[in-house]
Amino acid sequence: MKKINIVMVEPEIPQNTGNVARTCAATGARLHLVGPMGFKIDDKKLKRAGLDYWQYLDISYYKDINEFFEKNKGEFFFYTTKARHTHSEVSYPDNCYLLFGKETKGLPEELLLENPDKCVRIPMQGEIRSLNLSNSVAIAVYEVLRQWDYPELENFGQLHNYKWEDAE
């Protein structure tokens with residue numbers, strides 16, 4: 001199965017991280033949490049936002065961004081409102097890393113300056129500063145999965161008392 005890596009660099013809000021964890025559990029994406037974080041990993045708000053999906057997570061923790069880069073190799077994409085390319089222009093390879101910065105400041109600007117061709121943005125109206133972090137991660141993950149034709153994900157549902165086949 002193809003693999004997506006979601007990297008949250010210095011997340012500050014436990015509910016956002018919990019929501020991202022739930023998205024990762026639902027899609028099979030691997031979650032990387034890079035410190036320092038603005039909360040403890042056992043925070044009740046974090047667990048509540050992720051509901052009962054923690055056992056489905058493939059998760060790694062790093063003390064800082066340097067440790068993350070030392071331990072991971074691959075193609076990195078930096079999500080930022082400051083990018084010139086949109087997230088849907090990019091072709092995402094297997095085992096890619098999608099990096100997201102903290103809620104108040106985004107990713108460190110030195111990372112963006114060092115990787116201008118790998119910086120991508122989600123389009124939005126100019127007056128709006130940014131989307132919610134967990135919403136941005138969901139948009140990014142599903143763009144990658146769309147390009148890959150949703151490998152190993154269920155792409156249909158079933159009503160309780162009705163079979164879709166009966167309508168055909």
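**Exercise 1. Is Lys118 buried, partly exposed or exposed, and what is its relative accessible area?**

*Solution.* Keep in mind as you work that this is a predicted model.

Step 1. Start with the value: the relative accessible area of Lys118 is 27%.

Step 2. Recall the cut-offs: buried means under 20%, exposed means over 50%, and partly exposed is in between.

Step 3. Lys118 is therefore partly exposed.

**Exercise 2. Find the salt-bridge partner of Lys118, and say where the two residues lie.**

*Solution.* Here is a helpful idea to begin with: side chains of opposite charge can pair when their charged atoms come close.

Step 1. The partner is Glu75, and the closest N and O atoms of this salt bridge are 2.3 Å apart.

Step 2. Now place both residues. Glu75 sits in the loop between H3 and strand E4 (76-79), while Lys118 sits in the loop between H4 and E7, so the pair ties together parts that are 43 residues apart in sequence.

Step 3. Check the surroundings of the partner too: with a relative accessible area of 32%, Glu75 is partly exposed.

**Exercise 3. Describe two more of the 5 salt bridges in the structure, one between Asp58 and Arg30 and one between Arg146 and Glu143.**

*Solution.* Take the pairs in turn.

Step 1. Asp58 and Arg30 meet through their side chains, at 3.3 Å from N to O. This pair links distant parts of the chain, 28 residues apart: Arg30 belongs to strand E2 (residues 30-34), and Asp58 to the loop between helix H2 (44-50) and strand E3 (59-62).

Step 2. Asp58 has a relative accessible area of 34%, so Asp58 is partly exposed. Arg30 counts as partly exposed as well, at 23%.

Step 3. In the pair of Arg146 and Glu143, the closest N and O atoms are 2.7 Å apart. Both residues are in helix H5, and because they are 3 residues apart, about one helical turn separates them.

Step 4. Compare their accessibility with the cut-offs. Glu143, at 9%, is buried, whereas Arg146, at 45%, is partly exposed.

**Exercise 4. Where is Phe69 found, and which residues beyond its neighbours within four places in sequence is Phe69 in contact with?**

*Solution.* Find the residue in the structure, then look around it.

Step 1. Phe69 is part of helix H3 (residues 65-71).

Step 2. Leaving aside neighbours within four places in sequence, the contacts of Phe69 are Phe76, Phe78, Leu99 and Leu111.

Step 3. Buried means under 20%. Phe69 has 21% relative accessibility, so Phe69 counts as partly exposed.

**Exercise 5. Describe the largest pocket and the second largest pocket.**

*Solution.* Rolling a probe the size of a water molecule over the atoms shows where empty space is left.

Step 1. The volume of the largest pocket is about 510 Å³. Its lining has 24 residues, and those closest to its centre are Thr81, Glu103, Gly106, Ser130 and Leu131. Strand E7 (119-121) and helix H5 (133-147) are the elements that give two or more residues to this lining.

Step 2. Sorted by class, the lining of the largest pocket holds 9 nonpolar, 9 polar and 6 charged residues.

Step 3. Turn to the second largest pocket, with about 190 Å³ of space. Among its lining residues are Lys82, Arg84, His85, Glu109 and Asp117. Helix H4 (residues 109-114) supplies the largest share of this lining, 3 residues.

Step 4. Sorting the lining of the second largest pocket gives 5 nonpolar, 2 polar and 4 charged residues.

Methods:
Residues numbered from 1 in each chain as written. Predicted model: local features only at pLDDT ≥ 70, side-chain atom pairs only at ≥ 80, totals over all residues. Heavy atoms only, no water. Helix = DSSP H or I, 4+ residues; strand = E, 2+ residues; numbered from the N terminus. Buried < 20%, exposed > 50% of the residue type's maximum accessible area, 1.4 Å probe, protein only. Contact = heavy atoms within 4.5 Å. 1 Å grid on protein atoms, 1.4 Å probe; cavity = no way out; pocket = protein on both sides within 12 Å on 5 of 7 lines; lining within 4 Å. Points joined across faces, edges and corners; volume = space filled by probe spheres on them. Nonpolar A, V, L, I, M, F, W, Y, C, P; charged D, E, K, R; others polar. Salt bridge = Lys/Arg side-chain N within 4 Å of Asp/Glu carboxyl O.
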